[in-house]
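Trainee: I would like a close look at a single part of this chain. Please take one helix and the loop that leads into it, and go through them slowly.

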Amino acid sequence: MTQIDPLLHHDRILIIDFGSQVTQLIARRVRESGVYCEIWPFNQVTLDKINAFAPKGLILSGGPRSVTEADSPRAPEGIFEMGLPIFGICYGQQVMVEQLGGKVEGSEHKEFGRAFVTVQNDCSLLDGIWSVKAQEEVWMSHGDRVAQLPKNFQVIGVSDGAPYAFIADETRHFYAVQFHPEVVHTPHGSALLKNFTHKVCGCSGDWTMSAFKEETIAKIREQVGDQKVICGLSGGVDSSVTAVLLHEAIGDQLTCIYVDTGLMRAGESEQVVSLFKNHYHIPLIHEQAEDLFLGELEGVSDPEIKRKTIGRLFIEIFDKCAKDVGDAAFLAQGTLYPDVIESVSFTGGPSVTIKSHHNVGGLPERMNLKLVEPLRELFKDEVRDLGQALDMPEDFIRRHPFPGPGLAIRIPGEITRDKIEILRKADTIYLEEIQKAGLYDVIWQAFAVLLPVKTVGVMGDNRTYDYACALRAVTSTDGMTADYYHFDHEFLSRVSNRIINEVRGINRMVYDITSKPPGTIEWE
């Protein structure tokens, strides 16, 4: 039986990726305007595939290469003759110019960061946004620049380092910019992209989470039929939304398995079990395995060994629980779109970055199960929107991301029950204060880390020798890049005093101000 394509009735845009680090931001901006889009690596795009996908328009992304190099990436031959509107961004502009008979050259005047474009002529992309003679802020990142336009193009805007910073061929609906409209540092960038998708391409903007929910439920029912599905609950947002969506689609054909590792935040296991067993009445196997996990982790300090040990034990326990369910034909995973996008490497070749789910990696093959992955077309923020469409509790779906190995990778060095309890208490106080300050939804992720360092302190008239604790808070859109959150000192002082006074075992606090890159969000 042919599966229902939930995207069949929606307009769509295709993004051809040349390896930019911010290509996913293009997709996010397009989807925010209600238009479905996908990202395909340039070297996997053919005219037949484009025709089958039936996009209303194409976007050519940026990339790290120079079009002046002989072996640099190019757009697929023939796309400029397909009659589709095309929007080239940065490297995408240069590819368009080069392949249409213009010229690109290296420039001594490179532009990185904030720049200003002076608008010289009008075009459809500017409608209601920029006016002629205005000077508009944008974000640049380029060394090469367009030196000569192809036939029928005109200059729309110029910058100090790019005489053709914005160009257009209105007849063929080709537009190209040297700057990056997808990043927040280009204030009107989202509006420019929306003008392209809605006014130039004619997209209706009808791709909503409510529509996605109903169409995906129909797709799940057709895929699963009357067979059983098991879903591994990690306690995180992705697996939780997956479970609720599946339950709405197939009811008691779904059984969830929650392996309690003993490494969750305070009260989290109880919240997960109560929500799914008592509120949603979803069949749930709650396997308490704290003693097994902590026993196997005793004496282990290497972070990779920690992760592998936790992953191995999870698979073994999940496999045992799944056999108790019996006759399951499908395994549900909370795989997201960034997990299945094939990225393009710096050299222009394919670099497959498909990741296994942190809790169920390897299980489909081991258990001979077919996969159900209803979220594989969504970004993280869209999963939260889907959770809202499913009427899930707001405080549950808006929770900060939490790593699969849990608190194990927030305790560098050896893990003990005492350390876990100390960290839980500190982490709870930290998050309480963030909530009180109204900052929880502003921050992407916040947590405490118990350091493998003891320091001398004085409490009352007594000498102490206790652990140091680090606080981490970052802002991000997708976790790929992040900056530390700029708390005021009064807030940090308040949190520090509470933790030191209320958590026995900690006598020193520090705040991590490392961005990503060069650091990672988690410490291990």
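Mentor: What follows is a walk along one helix and its two ends, with another helix set beside it. The model is predicted. The part to look at is helix H3, which covers residues 91-99. Begin just ahead of the helix, in the loop between strand S4 (86-89) and H3, where Cys-90 is placed. Cys-90 is not a glycine, yet its phi is positive, about 55°. Its relative accessible area is 6%. Buried means under 20%, so Cys-90 counts as buried.

Now step into the helix. H3 is mostly covered, with 7 of its 9 residues buried. These buried residues are Tyr-91, Gly-92, Gln-93, Gln-94, Val-95, Met-96 and Val-97. Just past the end of H3 comes Gly-101, and its phi is positive too, about 100°.

For a second case, turn to helix H8, residues 290-297. Phe-293, Leu-294 and Leu-297 are buried there. Looking down the axis of H8, the buried residues fall within an arc of 90°, so they line one face of the helix. They pack against strand S11 (254-260), helix H9 (303-325) and helix H14 (417-436). Just after H8, Gly-299 has a positive phi of about 80°.

One last residue can be set beside Cys-90. His-173 is also a residue other than glycine with a positive phi, near 60°. His-173 sits in the loop between strand S8 (166-169) and strand S9 (174-177). It is partly exposed, with a relative accessible area of 35%.

Note on methods:
Residues are numbered from 1 along each chain as its sequence is written. This is a predicted model: local features need pLDDT of at least 70, side-chain atom pairs count only at pLDDT 80 or more; totals for chains, interfaces and linings use all residues. Side-chain values use heavy atoms; hydrogens and water are left out. Buried means under 20% relative accessible area, exposed over 50%, partly exposed in between (1.4 Å probe, protein chains only). Helices (H or I, at least four residues) and strands (E, at least two) are DSSP runs, numbered from the N terminus. The arc is that of the directions from the helix axis to the C-beta atoms. Contact means heavy atoms within 4.5 Å.
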